[in-house]
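Subject: Handing over the structure

Dear colleague,

I am passing this structure on to you, together with some notes on what was found in it. Please look at the sequence and the model first, and then read on.

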Amino acid sequence: MTVHGEFEVDAGPRPRRDSVQVDIGGVKVGGDAPVMVQSMTNTDTADIAATVEQVAALARTGSEVVRITVDRDEAAAAVPHIRDRLMVRGIDVPLVGDFHYIGHKLLADHPACAEALAKYRINPGNVGFKAKKDTQFAQIIETAIRNEKAVRIGVNWGSLDQDLLTGLMDENAKRAKPRSARAVMHEAIVQSALHSAKQAEEIGLGADRIVLSAKVSQVQDLVAVNTMLASRCRYALHLGLTEAGMGSKGIAASSAAMGILLQQGIGDTIRVSLTPEPGGDRTLEVKVAQEILQTMGLRSFVPVVAACPGCGRTTSTVFQELARDIEDFLRTEMPVWRDKYPGVEELNVAVMGCIVNGPGESKHADIGISLPGTGETPAAPVFIDGRKALTLRGATLADDFKALVIDYIEKRYGNAA
């Protein structure tokens, strides 16, 4: 909390809620571990080559855990081969198996799959039905215990336990002042998650192997449900707005929902569930998740590139092209730079388009350039560590600035390796 005169101003997110830490294949989630980024493939898991390529791409982008669909025998049989091929390529990202309906059978029939996965994700709404529900749930938990694996109990309002929901609706109808159907649905989601976690612990799975998630597709519902869940347990929580949507809508909705919760100290791991454009880049969901955490000051993944939005003073596209090129270049190099230049993810670069805010913004960055706007002298001052270092001119201006960025990184972070 920062104090200004008579006013107190929040200077950052609240401290993280106290949660039990979980180990997922060597990646720590919850407790004092940083909020973890995860993603999910959309390949047919039985297509080993395609799945390996997509997992590798997600891991290179920064996904710390990758979930894959395990929906039939062919997919379950493929899992250990996928794990092995990734290991040969030096990619040891933990794999999570996503099970629905027949997870108990697939794990029993394919012990190599059960061993290769770092975590099992199950949904109490479809793990089994009627008399078989508790038995099939117990079989999955027992498999996790034998293999020393973590389990995510993921409740989704699209497949909520209908018996539980109906019972709560009936109880609510008898109240003198019934709550809204929406509030009852929230309670059903929370109860489903907590009841299943209690069952898992009674079977013998420790709280340090349990992650809970409660997923809905509306921002306010996600905030409400996870606020309730966080107040009623210490399990590690996974956040995600399910069916967030495509493009800017999905990004905005996910950012708004998870931003509110993260600001309150709620959430130990996140996924941004974007619908990709046909043939689109699956790694976008990882980049957005990282950007949410980085812009909130919770973690640093890649150098930040500040760039002005452009206006009538910036009819040239040079600053836009340079900002894009610098950002793409930095992100592309990060898999190598993480080891070569420790701390480089905290670098700040400014690419500004005119004299109005350009020099000031550039001075605030570690290295920045203020390109000439419409009608300005064709000169671009470069500021390094808050001081004007030189002025660039001519057709090679963009390439010259890129070279200066690389030189700055080498000098500042190269000695830290």
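I begin with the interior. The largest nonpolar core (a nonpolar core being a set of buried Ala, Val, Leu, Ile, Met, Phe, Trp, Tyr and Cys residues joined through side-chain atoms within 4.5 Å) has 110 residues, of which Leu-212, Val-351, Ile-369 and Phe-401 touch the most other members. Here buried means under 20% relative accessible area, exposed means over 50%, and partly exposed lies in between, with a 1.4 Å probe and protein chains only. Helix 7 (residues 181–203) gives this core its largest share, nine residues, where helices (H or I, at least four residues) and strands (E, at least two) are DSSP runs numbered from the N terminus. Another core, of 11 residues, lies apart from it and includes Val-22, Ile-24, Val-29 and Ala-118.

Before going further, please note that this is a predicted model, in which local features need pLDDT of at least 70 and side-chain atom pairs count only at pLDDT 80 or more, while totals for chains, interfaces and linings use all residues. Residues are numbered from 1 along each chain as its sequence is written, and side-chain values use heavy atoms, with hydrogens and water left out.

As for the protein as a whole, it has 13 helices and 19 strands, and its C-alpha atoms fill a box of roughly 80 × 60 × 40 Å, taken along the principal axes. Of its 417 residues, 50% count as buried. Among the contacts with a separation of 6 or more, 66% are between residues 24 or more positions apart, contact meaning heavy atoms within 4.5 Å.

One sheet is worth following on the model. It is open, with five strands in the order 15-16-17-18-19 and mixed pairing, where two strands pair if DSSP finds at least two bridges between them. Its edge strands, each pairing on one side only, are strand 15 (304–307) and strand 19 (387–392). On average, neighbouring strands of this sheet are turned by 20 degrees against each other, with direction ignored; for such angles, axes are lines fitted to C-alpha atoms (for helices over the stretch in contact), and angles run from 0 to 180 degrees between N-to-C directions. Strand 18 (residues 380–384) and strand 19 run antiparallel and are joined by five bridges, and Ile-384 stands opposite Arg-387 in strand 19.

Two helices that pack on this sheet can be described in turn. Helix 11 (residues 318–340) touches strand 15, strand 16 (348–352) and strand 17 (367–370), and its direction makes about 160 degrees with that of strand 16. Helix 13 (residues 397–413) touches strand 16, strand 17, strand 18 and strand 19, and its direction makes about 165 degrees with that of strand 17. Phe-401, named above for the core, is in contact with Leu-322, Ile-326, Val-349, Ala-350, Val-351, Ile-367, Gly-368, Ile-369, Val-382 and Leu-392, leaving aside its neighbours within four places in sequence.

Elsewhere, the axes of helix 6 (residues 162–173) and helix 7 come within 9 Å and cross at roughly 135 degrees. The two helices are therefore oblique to each other, given that angles under 35 degrees count as roughly parallel, over 145 as roughly antiparallel, 65 to 115 as roughly perpendicular and the rest as oblique. Among the residues that make this contact are Leu-164, Leu-165 and Leu-168 of helix 6 and Val-184, Met-185 and Ala-188 of helix 7. Gln-162, also in helix 6, counts as partly exposed because its relative accessibility is 48%.

Two buried residues complete the picture. Ser-254 lies in helix 9 (residues 247–263) and counts as buried at 0% relative accessibility; leaving aside neighbours within four places in sequence, Ser-254 is in contact with Leu-241, Ala-244, Gly-259, Val-272 and Ile-292. Ile-68 is found in strand 6 (residues 65–69) and is buried, with a relative accessible area of 0%. Four of the five residues of strand 6 are buried, so this strand is largely enclosed by the rest of the structure. Strand 5 (residues 36–40) pairs with strand 6 in the parallel sense over three bridges, and Ser-39 has Val-66 as its bridge partner in strand 6.

With best wishes
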